[in-house]
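Thanks for coming, everyone. I'll keep this brief. Please look at the sequence and the structure as I talk.

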Amino acid sequence: MTLNKALTLAGSDTSGGAGIQADLKTFQEHGVYGMNALTSIVTMEPNGWNHNVTTIDVDVVEKQLETVLSVGIDAMKSGMLGTVDIIELGAKKITEHQIDKYVLDPVMVCKGEDELLLPENTDAMREVLLPVSLVTTPNLFEAWQLAQTSGPIKTIDDMKEAATKIYELGAKNVVIKGGRAIQHENAVDLFFDGKDFTLLESEKIDTTYNHGAGCTFAAAITANLANGQSVKDAVTNAKKIVSAAIKHGWRLNEYVGPVMHGAYHKFEANN
Ligand SMILES: Nc1ncnc2c1ncn2[C@@H]1O[C@H](COP(=O)(O)OP(=O)(O)O)[C@@H](O)[C@H]1O
Ligand SMILES: Cc1ncc(COP(=O)(O)O)c(C=O)c1O
């Protein structure tokens, strides 16, 4: 038996809910063999849970990418990338290795923190990663930054405007995650393939235990693509996975509640 293979180029969330940990757990849930190239390590201070980010040297990131790409992959995603050098390296490898199933999760902030990590990273993602992506999955804040719309995205019409701009920047498919913040009764994501807008709706869950939701969503899309699904099916099915993961989110400690990555298959797949 062989398994389809996926690569995540992302940071390590030492607390286990987001980052490569979320990606590899989600790949596993989809029967996909996960491999990774680590870009950064996020640690938390026990007193207050403030985040510290240590970036991996770009040469070491390149060696990891070469290791995985020499094996061969069916799909790839990226998450927290750390520096412009790593972003440019990612784009170069995607082009050189003709990776056509690449999902760009343009991670700019950790949940609950509004401050942009590094503005130059956003510019580099816009310029070199959007054009090589098959799908990109910004949240409302990230879509605003990538599309450079006049103000924050609040409504479905705002999402449509931003999705159109991000498509024009080169992403072949755009999913803007409305989540709990969008002005709508449901958690609505907007899917745009350059032709049609599709709203993906699920019940808005009242929880703060949502750490890792964005990573889990993008990883599920990547796994579905690795397994041969169309982009639209991959995104639609990933929405079910992340909704269940949020619904069953849980309290890790007084500071953070991760999603339950495997909740869909554990609790809901047979209902
Ligand atoms: N409270 C919520 N209830 C239901 N779905 C949600 C909720 N928050 C986020 N989602 C969904 O989870 C996925 C990830 O979104 P989000 O958490 O906004 O991403 P990110 O982690 O990048 O900020 C999206 O499909 C979004 O609609
Ligand atoms: C390594 C890493 N990647 C990505 C994220 C983003 O997580 P989320 O999926 O909650 O947006 C975080 C947040 O803490 C992180 O530590």
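Start with V242. Is it buried or exposed? V242 counts as buried, because 30 C-beta neighbours lie inside 10 Å, and the cut-off for burial is 20 or more. Keep in mind that this is a predicted model. V242 sits in helix 8. Set aside its neighbours within four places in sequence, and what does V242 contact? The answer is A213, T216, F217 and A220. Helix 7 runs from 213 to 226, so these contacts of V242 can be read against that range, given that helices are DSSP runs numbered from the N terminus. Now take A10. V242 and A10 are 232 residues apart in sequence, and their C-alpha atoms are 19 Å apart in space.

Next, A245. Beyond the neighbours within four places in sequence, A245 is in contact with A213 and T216. The list for A245 continues with V259, M260, H261, A263 and Y264. A245 also belongs to the largest nonpolar core, which has 74 residues. Together with A6, I166 and I221, A245 touches the most other members of that core. Which element gives the largest share of this core? Helix 7 does, with 10 residues.

Now the ligands. Ligand 1 has 19 residues around it. Those that come nearest are G179, A187, I205, A213 and G214. Which elements supply at least two residues each to this shell? They are strand 8, at 186-192, helix 7, at 213-226, and helix 8, at 231-247. Helix 8 gives the largest share, 4 residues. By class, the shell around ligand 1 has 6 nonpolar, 7 polar and 6 charged residues.

On to ligand 2. Here there are 17 residues around the ligand. G11, D13, A18, G19 and G214 come nearest. Strand 1, at 5-13, and helix 7 each give two or more residues to this shell. The largest share, 4 residues, comes from strand 1. How does the shell around ligand 2 divide by class? There are 8 nonpolar, 7 polar and 2 charged residues. Look at G214 in both lists: G214 is among the nearest residues for ligand 1, and G214 is among the nearest for ligand 2.

Two backbone details next. Q98 is not a glycine, yet its phi is positive, about 50 degrees. Where is Q98? It is found in the loop between helix 3, at 84-96, and strand 5, at 102-104. Q98 counts as exposed, because it has 7 C-beta neighbours inside 10 Å. Q148 is the other one. It is not a glycine either, and its phi is positive at about 55 degrees. Q148 lies in the loop between helix 5, at 140-147, and helix 6, at 156-168. With 12 other C-beta atoms within 10 Å, Q148 is exposed. The cut-off for exposed is 12 or fewer.

Last, the whole chain. The secondary structure comes to 9 helices and 9 strands. Of the 271 residues, 48% are buried. Take the contacts with a separation of 6 or more: residues 24 or more positions apart account for 67% of them. Along the principal axes, the C-alpha trace spans about 45 × 45 × 40 Å. Why does the radius of gyration agree with a compact globule? A compact globule with 271 residues would have a value near 18 Å, and the chain has 17 Å.

Terms used:
Residues are numbered from 1 along each chain as its sequence is written. Chains are lettered from A and ligands numbered from 1 in the order in which they are written. This is a predicted model: local features need pLDDT of at least 70, side-chain atom pairs count only at pLDDT 80 or more; totals for chains, interfaces and linings use all residues. A residue is near a molecule or strand if its C-beta atom, placed from the backbone, lies within 6 Å of it. Ala, Val, Leu, Ile, Met, Phe, Trp, Tyr, Cys and Pro count as nonpolar, Asp, Glu, Lys and Arg as charged, and the others, Gly among them, as polar. The radius of gyration is taken over C-alpha atoms; the globule rule is 2.2 Å times the number of residues to the power 0.38. Two residues are in contact if their C-beta atoms, placed from the backbone, lie within 7 Å. A nonpolar core is a set of buried Ala, Val, Leu, Ile, Met, Phe, Trp, Tyr and Cys residues joined through C-beta atoms within 7 Å.
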